[in-house]
Amino acid sequence: MSNIQDKIQEELKQAREVCTTEGATSGDCAAAWDAVEELQAEASHQQQGEKKKNSLEQYCEDNPDAAECRIYDD
């Protein structure tokens, strides 16, 4: 995920440069900021997709044969 964060930082820098040279109301400036927003949305989407395990899930992953981790079919 740090790769997308690096890309966001690059796009932020580029957006600032474009807006400085082209002007804050230019189409290029708006497009540059749109690119930043898209990357931030993707990073947020990826982060939401990562489900964090609770302590029991982590324990069962490490100890699948433990009594607490058995699953019974009805």
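## Briefing: a three-helix predicted model

Ala32 is a buried residue, its relative accessible area being 12%. Keep in mind that everything here comes from a predicted model. Ala32 sits in helix H2, which covers residues 27-49, and belongs to the largest nonpolar core. Below is a quick tour: the overall build, that core, a few residues worth a look, the disulfides, and one loop serine.

**Overall build**

- The protein has three helices and zero strands, so there's no sheet to look for, given that the strand count is zero and the elements simply run α-α-α from the N terminus on.
- Its radius of gyration is 22 Å, well over the 11 Å that the globule rule gives for 74 residues, so the protein is more spread out than a compact globule.
- Put a box around the C-alpha atoms along the principal axes and you get roughly 65 × 25 × 15 Å.
- Of the 74 residues, 22% count as buried.
- The protein exposes about 6200 Å², and carbon and sulfur atoms supply 46% of that area.
- Take the contacts between residues at least 6 apart in sequence: 46% of them join residues at least 24 apart.

**The largest nonpolar core**

- Eight residues make up this core: Ile4, Ile8, Leu12, Ala15, Ala32, Val36, Leu39 and Ala43.
- Helix H1 (2-22) and helix H2 are the elements that give two or more residues to the core.

**Ala15 and Ala32**

- Ala32 counts as buried because its 12% relative accessible area falls under the 20% cut-off.
- Along the chain, Ala32 and Ala15 are 17 residues apart, yet C-alpha to C-alpha they are 4.8 Å apart in space.
- Setting aside neighbours within four places in sequence, Ala15 is in contact with Ala32, Trp33 and Val36.
- Two of those partners, Ala32 and Val36, are listed with Ala15 among the core residues.

**Ile8 and Ala43**

- Ile8 is in helix H1, while Ala43 is in helix H2.
- Ile8 is buried, at 4% relative accessibility, and Ala43 is buried too, with a relative accessible area of 6%.
- The two are 35 residues apart along the chain, and their C-alpha atoms are separated by 9.0 Å.
- If you skip neighbours within four places in sequence, the contacts of Ile8 are Leu39, Gln40 and Ala43.
- Leu39 and Ala43 also turn up with Ile8 in the core list.
- Glu38 is another residue to check against Ile8: the pair is 30 residues apart in sequence and 9.2 Å apart in space, C-alpha to C-alpha.

**Disulfides**

- A search of the whole structure turns up two disulfides.
- Number the bonded cysteines in sequence order and the pairing reads 1-2, 3-4.
- Cys19 is joined to Cys29, with an S to S distance of 1.8 Å.
- That pair links distant parts of the chain, with Cys19 in helix H1 and Cys29 in helix H2, ten residues apart.
- The torsion about the S-S bond of Cys19 and Cys29 is about 90°, so this disulfide is right-handed.
- Both ends are tucked away from solvent probes in the sense that Cys19 counts as buried at 14% relative accessibility and Cys29 is buried at 4%.
- The other disulfide joins Cys60 to Cys69, with S to S at 2.0 Å.
- For Cys60 and Cys69 the torsion about the S-S bond is about -90°, so that disulfide is left-handed.
- Cys69 is buried, with a relative accessible area of 13%.

**The loop between H1 and H2**

- Ser26 is found in the loop between H1 and H2.
- Ser26 counts as buried, with 16% relative accessibility.
- A polar atom of the Ser26 side chain lies 3.0 Å from the backbone oxygen of Gly23.

**Quick recap**

- Helices H1 and H2 each give two or more residues to the largest nonpolar core, and the Cys19 to Cys29 disulfide has one end in each of these helices.
- The two disulfides have opposite signs of S-S torsion: about 90° for Cys19 and Cys29, and about -90° for Cys60 and Cys69.

Note on methods:
Residues numbered from 1 in each chain as written. Predicted model: local features only at pLDDT ≥ 70, side-chain atom pairs only at ≥ 80, totals over all residues. Heavy atoms only, no water. Helix = DSSP H or I, 4+ residues; strand = E, 2+ residues; numbered from the N terminus. Buried < 20%, exposed > 50% of the residue type's maximum accessible area, 1.4 Å probe, protein only. Core = buried A, V, L, I, M, F, W, Y, C linked by side-chain atoms within 4.5 Å. Contact = heavy atoms within 4.5 Å. Disulfide = S-S within 2.5 Å. Rg over C-alpha atoms; globule rule 2.2 N^0.38 Å. Areas by Shrake-Rupley, 256 points an atom, 1.4 Å probe, with all protein chains shown as cover. Polar contact = N/O pair within 3.5 Å; in protein donor to acceptor, adjacent residues only side chain to side chain.
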